[in-house]
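Here are my notes on the model you sent round. Please read them with the structure open.

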Amino acid sequence: TTATTATTATTATTATTISPNTTTSYRAFADQRLNGMLASVLGRRNDLKVAALPLEADKVQVIPTPAAFLESLKEGVSKAQRSITLASLYLGTGAEAIELVELVRRACAERPQLQVHFLVDCMRGHRLTLEGTSSVLLLRSLLTEFPDQVRVSLFHTPALRGIWKWILPDRWNEIAGVQHMKAYIFDDDVIISGANLSKSYFTDRTDRYMLLRDSAPVASYYARLIDTVASFSYALAADGELRMPDGCPDPVERPLPFTRFAKDRVDIFSHRESINTLKLLAQPPSSSGIDTWAFPTVQGGTLRIHQDEEFTHRFFRNQLVGSELSIISPYFNFTRGYAKELLHHNLGLVSILTAPPKANSFYNSHGVSRGLPLAYSMMEHKFFKQVARSKQLDRIHIHECSIPENWTFHAKGLFYTLPGQKMVSGTCVGSPNYGYRSVDHDLEAQLCIFTENEALRQRLTREKDQLFENAEPVTAETFARPDRLVSLWIRVTTRFIRTLM
């Protein structure tokens, strides 16, 4: 169960940092508390340049399982008439991913007008499996067969350069940063998720997936975002050659000009997308008829893009007294800034759900990464002790998930419940894990949805409750168990690599 305890009764319903002059310009919701949250998070003049996108609540669906996620992807490919855009860390090479590629091939053959765009990470996309295959090799066959319909973009971080580019082997070269956004678009339908396109994400890895049907504003936003990233990513040719778009500096040969170029492109994109945000949110709900809004954010630490980070900081900082914030991350490693917000500025109830070592996706992996589950446990223990020292164990609760045997946990995001209410009013879903890696190294995208629609609130509440179902509350005894003892080499190594995790 979550931390919806008796302390919710001791509520105040005003945000801690909202001034009357600020809230008057936000009237999108009938509930002034939601308008107050928007004012606090977006800022009076929307200085974060966050787009406000209207949604039809009945078109927002929670995909419940990995198998249903795969079926939704297959359905999207089969039905798309105009365009398919798939952005992921990588494309797997197992039977499920191959079937997905075959469906794309069939769709291109049957519908010559169809345009298909893949965006994956350059390093992860080139990583070879034991069988000698990779995302790039799989996608090159599509490029060869449909050169006028298919394009593949490979984002390369500017942080991987110089001698490190040439001496770091596969897997290690992904430490510098990767393309981590997950958005799957089929015409006007879009799935926002934290899941990649490979076997475990289709079978035995718990994640979150939000399907927005017939949601042209959101689908178009993400298609344009991915096109923007493609404008500073390598284009893959059928022969395997990589070419930068005209006018874009190479991220390896000219990393500083590349960073400026990429940041300018994303800044221009964000400005254009957000230009009507204030006007839209100033309309009273009675005149607009809209009760659900989506707010997409982008993060790219190596590109000096910090929109999602600042959005999350403000979300944590301005939580209403008596409200409940549920934070879900499979890799527990809050940045110092996020931890400070939760410990010293946040006045609401906070429930955190994370993975125990055996549910961590690196459990039983090979090499040094085998120690990562206990490294994350060490970070979890450190935060627990900070909560205990600040005498906030009655306000901030940590839980560890309960999932089927031999499954792993990869869900992430936020759920927000207003004071005195039992149903969720807002959620964030996407790729960030709220750790140093998400903030400082990887390219991330998140979608936050706020709603007053009762049916959608019920669906979101059901999703949250299912994630927390049978979760084990974390206590001091949790970290004293034999399976949670952290060896010296992991302790020492973690201190050096924590900001890369």
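The points below go through the sheets, then the cavities and a pocket.

1. Status of the model. This is a predicted model. Please keep that in mind for each point.

2. First sheet, overall layout. One open sheet has nine strands. Their order is E2-E9-E7-E6-E3-E4-E5-E10-E11, and the pairing is mixed. Which strands form the edges? They are strand E2 (60-62) and strand E11 (242-243), and each pairs on one side only.

3. First sheet, the E11 end. Strand E10 (residues 234-236) is joined to E11 by two bridges, and the two strands run antiparallel. Ala 235 has Arg 243 in E11 as its bridge partner.

4. First sheet, the strands around E5. Strand E4 (residues 115-121) and E5 run parallel and are joined by six bridges. One register to check on screen is Val 116, whose bridge partner in E5 is Val 150. E5 also meets E10, here antiparallel, with two bridges. Ser 153 is bridged to Ala 235 in E10. Ala 235 also has Arg 243 as its bridge partner in E11. Follow Ala 235 on screen to step from E5 to E11.

5. Burial of E5. Why call strand E5 (residues 150-155) largely enclosed by the rest of the structure? Because five of its six residues are buried. The cut-off for buried is under 20% relative accessible area.

6. A helix on the first sheet. Helix H17 (residues 454-468) packs on this sheet. H17 touches E2 and strand E9 (209-212). The direction of H17 makes about 20° with that of E2. H17 comes up again at the pocket in point 12.

7. Second sheet, overall layout. Another open sheet of nine strands has the order E1-E12-E19-E18-E17-E13-E14-E15-E20, again with mixed pairing. Its edges are strand E1 (53-54) and strand E20 (472-473). Each has a single partner strand, so one side of each is left without a neighbour in the sheet.

8. Second sheet, E17 and its surroundings. Strand E17 (residues 413-417) pairs with strand E18 (residues 426-430) over three bridges, in the antiparallel sense. Phe 415 stands opposite Thr 427 in E18. Helix H2 (residues 32-42) lies across E17, strand E12 (292-300) and strand E19 (443-451). H2 runs at about 155° to E19.

9. Second sheet, E13. How many residues of strand E13 (residues 324-328) are buried? Five of its five residues are. Both faces are covered. Glu 324, Ser 326 and Ile 328 are buried on one side, and Leu 325 and Ile 327 on the other. Note that Glu 324 is among these buried residues. E13 runs parallel to strand E14 (residues 349-354), and five bridges join them. Leu 325 has Val 350 in E14 as its bridge partner.

10. Largest cavity. The structure holds two cavities of 30 Å³ or more. The largest has a volume of about 40 Å³. Its lining is Gln 299, Asp 308, Thr 312, Tyr 338, Pro 432, Tyr 434, Gly 435, Ser 438 and Val 439. Helix H13 (307-317) and helix H16 (436-440) are the elements that give two or more residues to this lining. By class, the lining has four nonpolar, four polar and one charged residues.

11. Second largest cavity. The volume here is about 30 Å³. Lys 49, Val 50, Ala 51, Tyr 221, Phe 269, Ser 270, Glu 273, Pro 296 and Gln 307 line this cavity. Helix H10 (residues 255-274) supplies the largest share, three residues. The lining divides into five nonpolar, two polar and two charged residues.

12. Second largest pocket. This pocket has a volume of about 450 Å³. It is lined by 21 residues. Which of them lie nearest its centre? They are Pro 64, Thr 206, Glu 463, Gln 466 and Leu 467. H17 gives the most to the lining, with five residues. H17 is also the helix that packs on the first sheet, touching E2 and E9. By class, the pocket lining has ten nonpolar, five polar and six charged residues.

Methods:
Residues numbered from 1 in each chain as written. Predicted model: local features only at pLDDT ≥ 70, side-chain atom pairs only at ≥ 80, totals over all residues. Heavy atoms only, no water. Pairing = 2+ DSSP bridges. Helix = DSSP H or I, 4+ residues; strand = E, 2+ residues; numbered from the N terminus. Contact = heavy atoms within 4.5 Å. Axes fitted to C-alpha atoms, helices over the stretch in contact; angles between N-to-C directions. 1 Å grid on protein atoms, 1.4 Å probe; cavity = no way out; pocket = protein on both sides within 12 Å on 5 of 7 lines; lining within 4 Å. Points joined across faces, edges and corners; volume = space filled by probe spheres on them. Nonpolar A, V, L, I, M, F, W, Y, C, P; charged D, E, K, R; others polar. Buried < 20%, exposed > 50% of the residue type's maximum accessible area, 1.4 Å probe, protein only.
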